[in-house]
Structures are given as structure tokens and as C-alpha cells.
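Hi,

Here is the structure I said I would send over. Have a look at it first, and my notes follow underneath.

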Amino acid sequence: MKAVPMTKKPSFPLMKQGDIQNIYHLQMPRWLFTDPRYMGLALETKVAYTFLLNRFQLSRLNGWVNEDGAVFIIYTRRSLAEEMQVSYRKIIEAMKELSAAGLI
């Protein structure tokens, strides 16, 4: 499928193919939005899960795994709140929601 040609240029610079290279990013699981078990979770909860999942992957790569294959992460609630730029209280609520949903 080809893109429709632009007839008028916008007043801001457009991104080009080579503009984004190796930018650190998070991948949010789509199933958090499509699985009926998780669709009702608050957006902050879904974002918190994404941050935790990212930390999980980093810990796994660093070999923080026990003999049973369990991966350990160190991520304080305060650090998570700071990174997400939300209140500590929001993180407490998100963690309760994640726990109730069986995701942590």
C-alpha cells in the first residue's frame, strides 16, 4: 500500500526514516488493551507493568535468575513513581491492581 502524497507541507518538520535510531524505548504489551482480563486496568497500571517488564528483561539479560529460573528485579516504588512522573500513591494503587490481576 502506498502513502497518499501530501498536497500541503505542514508547518513543522516531518520525521524521516533515518531520524530515529537506537532510541531507548519501552514496548507495551498490546494484550493489556485487548485481553478482557486486563482491559479494565487503569492506564497508569498498564504503564507501570510495562516499566516492570522492561526491568525484568534487563535483569534476565544480566543473569539475575535463580536455580528455578525465577528472575529477580530491584525497582522501588519510589523509583518507579519518579520515572513515570506520577505520585507514590499512584504506584501503590497500580501495584495493588497488578497484584489483584495476577500480573505480579
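**V65 and the helices around the core**

Let me start with V65: outside its neighbours within four places in sequence, V65 is in contact with R60, A70 and V71. Bear in mind that this is a predicted model.

V65 is found in the loop between α2 and α3. Is V65 buried, or partly exposed? Its relative accessible area is 36%, and buried would need under 20%, so V65 counts as partly exposed. Looking back along the chain, E44 is 21 residues away from V65, and their C-alpha atoms are separated by 28 Å. Also on the way out of α2 is G63, which follows the helix and has a positive phi, near 80°.

Now α2 itself. With 19 residues at 1.5 Å a residue, α2 should span 27 Å, and its end C-alpha atoms are 27 Å apart, so the two agree. What do the buried residues of α2 pack against? They pack against α1 (31-34), α3 and α4. Among those buried residues are A48, F51 and L52, along with the polar T45, K46 and N54.

On to the largest nonpolar core, which has 16 residues. L80, L98 and L103 touch the most other members. Two or more residues of this core come from each of α2 (43-61), α3 (77-84) and α4 (88-100). As for L80, leaving aside neighbours within four places in sequence, L80 is in contact with A48, F51, L52, Y75 and I91.

Have a look and tell me what you think.

Cheers

Notes:
Residues are numbered from 1 along each chain as its sequence is written. This is a predicted model: local features need pLDDT of at least 70, side-chain atom pairs count only at pLDDT 80 or more; totals for chains, interfaces and linings use all residues. Side-chain values use heavy atoms; hydrogens and water are left out. A nonpolar core is a set of buried Ala, Val, Leu, Ile, Met, Phe, Trp, Tyr and Cys residues joined through side-chain atoms within 4.5 Å. Buried means under 20% relative accessible area, exposed over 50%, partly exposed in between (1.4 Å probe, protein chains only). Helices (H or I, at least four residues) and strands (E, at least two) are DSSP runs, numbered from the N terminus. Contact means heavy atoms within 4.5 Å. The expected span of a helix is 1.5 Å times one less than its number of residues.
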